[in-house]
There are 2 protein chains.
Amino acid sequence: MNQAGVGPVATTGPVRVVGTGLLGTSVGMGLVRCGVEVLLADPSRTAVALARDVGAGRPAGPDDPEPVLVVVAAPPDVTAEVVVAELAAHPTAVVTDVASIKGDVLARLRASGADLRRYVGSHPMAGRERTGPAAALPDLFLGRPWVIVDPGDADPAAVLAVRNLAVDLGAVPVSMDADAHDQAVALVSHVPQLAATLVAARLRDAAPEALELAGQGLRDVTRLAASDPSLWTSILAANSAAVRTVLVALRDDLDVVLTALAAADAVTGPETIATGALSDLASTLVAGNDGVERVPGKHGGRQRRYAEVCVLVPDTPGSLAALLTQVGEVGVNLEDLVIEHAAGRPVGIANVSVLPEAAGRLTAELGARGWTVVQ
Amino acid sequence: MNQAGVGPVATTGPVRVVGTGLLGTSVGMGLVRCGVEVLLADPSRTAVALARDVGAGRPAGPDDPEPVLVVVAAPPDVTAEVVVAELAAHPTAVVTDVASIKGDVLARLRASGADLRRYVGSHPMAGRERTGPAAALPDLFLGRPWVIVDPGDADPAAVLAVRNLAVDLGAVPVSMDADAHDQAVALVSHVPQLAATLVAARLRDAAPEALELAGQGLRDVTRLAASDPSLWTSILAANSAAVRTVLVALRDDLDVVLTALAAADAVTGPETIATGALSDLASTLVAGNDGVERVPGKHGGRQRRYAEVCVLVPDTPGSLAALLTQVGEVGVNLEDLVIEHAAGRPVGIANVSVLPEAAGRLTAELGARGWTVVQ
């Protein structure tokens with residue numbers, strides 16, 4: 001059975017994993033659990049040993065059998081040269097990489113003159129704020145999109161081998177070309193990362209009393225800013241064209257906002273602000289409403305309109321569990337849960353998202369059991 | 001006892017609440033629960049009736065006794081004129097407002113020539129994405145900062161009355177001057193709101209296949225973009241100077257990023273990118289690391305270094321509750337909980353934050369009970 005428990009394992013080993021960071025180690029762990037033989041390689045002996053210790057396979061050695069599949073999980077800026085080396089070293093193996101940009105890797109591969117019949121690009125859309133083999137999870141890819149980029153000259157068997165790898169690891173394969181992929185990740189990943197960074201950078205010299213006023217909104221917007229600067233410098237540089245396109249459009253919108261604010265600022269006292277300025281500001285805010293509405297929710301597709309049941313939860317051991325146990329007893333499935341809390345707050349609010357048809361009953365049942373609910 | 005359960009109620013009624021939206025209704029509900037008489041007024045009769053129905057007080061009438069305290073909870077752009085009218089109509093009452101900007105309101109009040117000995121500004125740092133009396137909570141202010149702005153000419157008794165109101169509602173009073181307040185909220189609230197809007201606005205015309213690659217990071221960065229455009233146009237216009245200062249600095253950083261990306265973009269193939277460009281990009285990412293590190297966590301102060309125990313949770317009713325029940329049984333207090341999930345994913349990862357000294361034991365206990373944990 002594969003990770004998702006839906007069928008037999010299609011991948012045959014040995015699979016060679018080159019680069020035992022978060023992604024490479026997670027691939028190894030997932031394959032080992034499927035019963036596939038995994039050989040691990042990394043410039044760092046410590047990283048290989050750690051990956052072995054968490055069950056991702058065994059260190060590759062000179063007497064190993066030839067791999068059937070090579071997964072290159074190196075930093076994006078060295079991915080192409082590692083792929084070229086692996087294609088040469090293992091002349092019968094299919095080679096894929098998991099770099100988060102695809103066009104730059106492909107351009108470098110073409111420039112190298114390598115024969116690309118055995119190469120297919122991958123980008124599993126899975127990651128964590130933590131990095132390295134110790135943060136790896138065999139289930140990291142479960143239910144996540146796994147983008148497969150066929151450069152056009154790959155053998156169908158090579159494409160199939162990579163698709164099998166994705167499915168065996170529980171991921172959802174998605175075929176895209178390299179440009180469409182790079183534009184998509186610029187929009188849904190790289191620019192959001194930069195926005196979080198730019199907002200957080202403004203806090204570096206903020207007065208402590210200003211930071212005391214921070215709430216959940218600031219925490220959400222800036223969370224990604226904790227990401228690894230070296231990795232992200234490499235990702236952003238490799239996807240510079242697509243990221244710039246989105247960022248330039250964002251800066252144009254920012255300039256509209258700045259112009260509107262300057263018009264508002266020029267007015268003191270109760271006079272009326274030029275109508276155009278405020279309507280431009282309002283239009284930008286409405287565009288944001290429209291955009292966020294398109295972000296997929298938990299189970300993919302367009303955001304479902306869940307009903308939110310908001311419950312006060314005392315900050316004591318077991319109280320959130322008690323709440324969720326009672327939600328379960330009522331027979332209602334929890335679709336999402338967001339805990340709100342702010343500086344010094346002795347209680348939190350649990351925002352429990354459920355199907356709209358279940359919200360009324362849940363509210364009544366929780367109220368009857370003594371919870372403070374506001375629907 | 002007040003909301004926080006720590007002492008007697010200091011506020012004496014009647015308290016007149018003008019504006020029965022989310023904040024005004026929440027103030028009324030909290031005071032009624034303290035046993036204080038509350039009189040409700042709003043240009044909308046429906047809003048007053050709704051506020052009454054949720055227990056926020058009774059509609060103000062011509063035969064009511066004079067209020068001791070007036071709380072103006074009107075939109076920010078009309079707050080000053082309502083405060084002036086209330087000062088005139090109730091010549092012995094202390095008047096406060098809860099507008100989220102303070103300098104603009106104060107400037108308008110001074111321009112009106114009103115006697116400000118009975119006026120003190122407030123800004124309770126509490127809010128929700130939902131608005132209106134139906135979303136109000138008597139505990140909305142519990143543990144939240146409540147900024148108190150003494151314009152300098154207020155009677156000490158007036159300042160004390162507003163501080164008592166904050167404490168009776170369970171909030172934590174914080175004294176600031178109007179400028180410091182407005183700069184602080186520009187940084188921790190208004191600019192993050194705009195950043196969320198600007199990123200979300202880019203998604204309006206995105207290809208559906210691009211949005212399918214979205215994960216939790218995009219959801220977090222853009223969540224605030226769902227806020228009410230009319231309210232936010234009014235807030236941003238009223239705090240235009242402070243917001244512009246932060247936004248201009250953010251745009252300068254954005255231009256550094258764009259310049260760095262242009263330098264990276266000019267290089268094709270395996271040549272080396274100009275060192276300066278990438279180091280500027282990396283410096284911006286490091287500045288973001290530094291800034292996000294200063295965002296306060298759950299219990300205020302600097303972010304605590306909680307240990308995160310990450311557990312796979314099947315998407316079935318009761319499984320998250322079962323996990324949290326077992327966390328409670330182990331006797332470990334849950335400090336924070338973030339659920340990660342992405343499109344199509346049949347399970348989620350619960351990131352359970354606990355005190356570092358408890359993480360090892362929790363990991364062992366959960367592992368022994370059959371949960372998949374990666375520490």
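Which residue of β2(B) stands opposite Val17(B)? Select Val17(B) and look across to the neighbouring strand: the residue there is Leu40(B). Keep in mind throughout that this is a predicted model.

**Stop 1: the sheet of chain B**

Stay with this pair of strands. Show β1(B) together with β2, residues 38–41 of chain B. The two run parallel, joined by four bridges. Now widen the selection to the whole sheet. Chain B has an open sheet of eight strands, and the pairing is mixed. Read across it in the order β3-β2-β1-β4-β5-β6-β7-β8. Then colour β3 (58–59) and β8 (172–175) of chain B. These strands stand at the edges, and each has a single partner strand, so one side of each lacks a neighbour in the sheet.

Before leaving chain B, step back along the chain from β1 (15–18) to Pro14(B), in the segment before that strand. Select Gly13(B) along with Pro14(B): the peptide bond joining them is cis, with omega about -5°.

**Stop 2: the sheet of chain A**

Move to chain A. Its eight strands form an open sheet of mixed pairing, ordered β3-β2-β1-β4-β5-β6-β7-β8. Which strands stand at the edges in chain A? They are β3 (58–59) and β8 (172–175), each with a single partner strand, so one side of each is left without a neighbour in the sheet.

Next, isolate β6 (residues 119–124) and β7 (residues 145–149) of chain A. This pair is antiparallel, with four bridges. Pick Ser122(A), then look opposite for Ile148(A) in β7(A).

Now go to the segment before β1 (15–18) of chain A, where Pro14(A) is found. Check the bond from Gly13(A) to Pro14(A): the peptide is cis, with omega near -5°.

**Stop 3: Asp64(A)**

Select Asp64(A), in the loop between β3 and β4 (69–72) of chain A. Show side chains. That of Asp64(A) makes a polar contact with the side chain of Arg58(A), at 2.6 Å. Add backbone atoms as well. The backbone nitrogen of Gly61(A) lies 2.4 Å from a polar atom of the Asp64(A) side chain. What else does Asp64(A) touch, leaving aside residues up to four places away in sequence? Display Leu39(A), Arg58(A) and Pro59(A).

**Stop 4: where the chains meet**

Bring both chains into view and select the residues in contact. There are 133 in chain A and 134 in chain B. The size of an interface is often given as the accessible area lost when the parts come together. Here the area buried between chain A and chain B is about 12100 Å², and carbon and sulfur atoms give 67% of it. On the side of chain A, highlight Arg202(A), Leu213(A) and Arg294(A). These residues lose the most area to chain B, together 6% of what that side buries.

Turn to the polar features. Across the interface of chain A and chain B there are eight salt bridges. For one of them, zoom in on Arg223(B) and Asp220(A). The closest N and O atoms of this salt bridge are 2.6 Å apart. Polar contacts across the interface of the two chains number 19 residue pairs.

Which element of chain A gives the largest share of the side that touches chain B? Select helix α10 (residues 240–265) of chain A, which supplies 19 residues. Then colour that side of chain A by residue class: 80 are nonpolar, 26 polar and 27 charged.

**Stop 5: the axis**

Finish with the symmetry. A rotation of 180°, with 0.0 Å of shift along its axis, superposes chain A on chain B at an RMSD of 0.0 Å. The two copies are thus related as by a two-fold rotation axis. To find the axis, select Val221(A). Of the residues of chain A, Val221(A) comes closest to the rotation axis, its C-alpha at 2.1 Å. Finally, compare the two sides of the interface. The copies meet through the same surface, because 100% of the interface residues of chain A are also interface residues in chain B.

Key: Residues numbered from 1 in each chain as written. Chains lettered and ligands numbered in written order. Predicted model: local features only at pLDDT ≥ 70, side-chain atom pairs only at ≥ 80, totals over all residues. Heavy atoms only, no water. Contact = heavy atoms within 4.5 Å. Buried area = accessible area lost by both parts, 1.4 Å probe. Salt bridge = Lys/Arg side-chain N within 4 Å of Asp/Glu carboxyl O. Polar contact = N/O pair within 3.5 Å; in protein donor to acceptor, adjacent residues only side chain to side chain. Nonpolar A, V, L, I, M, F, W, Y, C, P; charged D, E, K, R; others polar. Least-squares fit on C-alpha atoms with pLDDT ≥ 70 in both. Pairing = 2+ DSSP bridges.
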